[in-house]
Amino acid sequence: MDMKGKTVLITGAGSGIGAACALRFASEGCRVILNGRNAGRLAEVEEEIRSRFGTETLTLRFDVRDRKAAEEALGSLPDEWRAIDVLVNNAGLALGLDKEHEGNLDDWETVIDTNIKGTLAMTRLIVPGMVERGRGHIINIGSIAGDAAYPGGSVYCATKAAVKALSDGLRIDLVDTPLRVTDIKPGQVETDFSMVRFHGDAERAARVYEGYRPLEAADIAETVWFAASMPEHVQIAEMLVLPTCQATAGIIHKEL
Ligand code: NDP
Ligand code: 8X3
């Protein structure tokens with residue numbers, strides 16, 4: 001479908017998959033609303049979009065866990081930015097790789113609040129407008145982690161299983177509308193994800209991607225773009241996207 005001039009809101013757009021999605025949509029003439037918490041990183045993405053593509057962007061800096069802040073930020077949108085066509089619920093994280101009976105409850109609360117409640121709040125705030133306008137696409141960034149638990153991943157995996165359930169449920173609830181719902185489920189993508197997961201331990205984070213070629217953020221952005229740009233009668237419900245050397249969350253062929 002013709003995406004030129006469409007308005008796309010991407011959460012967690014200051015880095016990784018979110019930033020790559022922002023660039024991909026902007027490269028096709030979409031107007032992108034960038035969300036995240038880190039003003040500096042968002043400004044860099046905004047600048048790159050302006051200099052490379054010259055398309056319009058707008059930054060809404062808020063924490064997706066803060067419902068009130070999200071509501072206020074969306075309420076502050078100028079009229080010409082209000083009709084959001086595509087919502088990419090991308091903001092998310094894992095913290096730690098601990099056994100379920102040993103991990104840090106505060107970290108887990110952050111993960112649950114961001115990945116599940118943040119996604120849900122954004123959906124609740126933006127989808128009613130899409131329904132009123134009779135058009136819109138919600139693209140949630142799930143994970144292979146949502147398909148099956150792996151050692152030390154139980155809470156993160158549970159949140160991504162929840163993203164799948166929220167996506168499936170929303171698709172059911174919107175079945176009598178022209179809206180589309182997609183769950184993109186990446187395997188290993190080299191981003192800041194592991195640095196965040198391991199609380200800034202760069203060596204441990206780098207080891208995650210050693211000995212094989214992981215996906216790049218741009219690979220996932222391509223699949224997000226694909227889903228968004230398909231003809232209106234085509235709904236990509238779900239896409240599991242892995243590096244060629246990955247078979248399951250735990251089975252990755254590495255040459256170390
Ligand atoms: P990054 O850490 O690069 O990106 C995560 C982004 O989310 C950051 O820009 C961060 O920005 C933002 N974010 C985190 N918490 C919040 C919050 N509370 N409010 C607003 N923004 C927030 O990692 P990825 O790009 O890899 O992760 C993007 C998504 O992809 C996540 O949902 C992740 O679970 C998922 N994913 C990643 C995979 C991988 O292997 N990398 C595989 C499968 C799924 P800031 O901190 O500045 O707010
Ligand atoms: C991120 C991929 O396998 O580390 O969702 O959980 S994994």
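This passage walks through the overall build of the protein and then some of its side-chain contacts.

The model is a predicted one. The protein contains eight helices and nine strands. How big is the whole thing along its principal axes? The C-alpha trace spans about 50 × 40 × 35 Å. A compact globule with 256 residues would have a radius of gyration near 18 Å, and the protein's 17 Å agrees with that. Of those 256 residues, 52% count as buried. The contacts tell a story about the chain, too: looking at those between residues at least 6 apart in sequence, 72% join residues at least 24 apart.

Helix α3, covering residues 67-75, makes a handy example of how a helix can pack. Ala70, Ala73 and Leu74 are its buried residues. Why do these three end up on the same side of α3? They cover an arc of only 95° around the axis, so they share one side of the helix. There is a general rule in the background: an α-helix has 3.6 residues a turn, so residues three or four places apart point the same way. As for what lies against them, the buried residues of α3 pack against β1 (7-10), β3 (57-61) and α4 (105-133).

Next come the charged side chains. Searching the whole structure turns up 18 salt bridges. One of them brings Asp147 and Lys185 together, at 2.8 Å from N to O. Asp147 sits in the loop between β5 (137-141) and α5 (154-173), while Lys185 belongs to strand β6 (residues 180-186), so this pair ties together parts that are 38 residues apart in sequence. Are the two partners buried or exposed? Asp147 is partly exposed, with 41% relative accessibility. Lys185, on the other hand, has a relative accessibility of just 5%, which is under the 20% cut-off, so Lys185 counts as buried.

Lys185 has another partner as well. Glu238 forms a salt bridge with Lys185, and their closest N and O atoms are 2.5 Å apart. Here again, distant parts of the chain are linked: Glu238 is in strand β9 (residues 238-241) and Lys185 in strand β6, 53 residues apart. Glu238 itself, at 32% relative accessibility, is partly exposed. Which residues end up in one network through shared partners? Asp147, Lys164, Asp168, Arg171, Lys185 and Glu238 are all joined into it by salt bridges.

Two members of that network, Asp168 and Lys164, form a salt bridge of their own, at 2.8 Å from N to O. These two are four residues apart in helix α5, so about one helical turn separates them. Both count as partly exposed, Asp168 at 22% relative accessibility and Lys164 at 26%.

Rings get their turn last. The structure holds two aromatic pairs. One of these is formed by Phe25 and Trp225, in an edge-to-face arrangement with 5.5 Å from centre to centre and 75° between the planes. The pair connects distant parts of the chain, since Phe25 is in helix α1 (residues 16-27) and Trp225 in helix α8 (residues 217-229), 200 residues apart. Both rings belong to buried residues: Phe25 has 0% relative accessibility and Trp225 has 10%. Another tryptophan, Trp81, has a charge for company instead: the charged end of Arg31 sits over its ring, 4.1 Å from the centre.

Methods: Residues numbered from 1 in each chain as written. Chains lettered and ligands numbered in written order. Predicted model: local features only at pLDDT ≥ 70, side-chain atom pairs only at ≥ 80, totals over all residues. Heavy atoms only, no water. Buried < 20%, exposed > 50% of the residue type's maximum accessible area, 1.4 Å probe, protein only. Arc of directions from axis to C-beta. Contact = heavy atoms within 4.5 Å. Salt bridge = Lys/Arg side-chain N within 4 Å of Asp/Glu carboxyl O. Phe/Tyr/Trp six-rings, centres within 6.5 Å; stacked < 30°, edge-to-face > 60°. Lys NZ or Arg CZ within 6 Å of the ring centre and 35° of its normal. Rg over C-alpha atoms; globule rule 2.2 N^0.38 Å.
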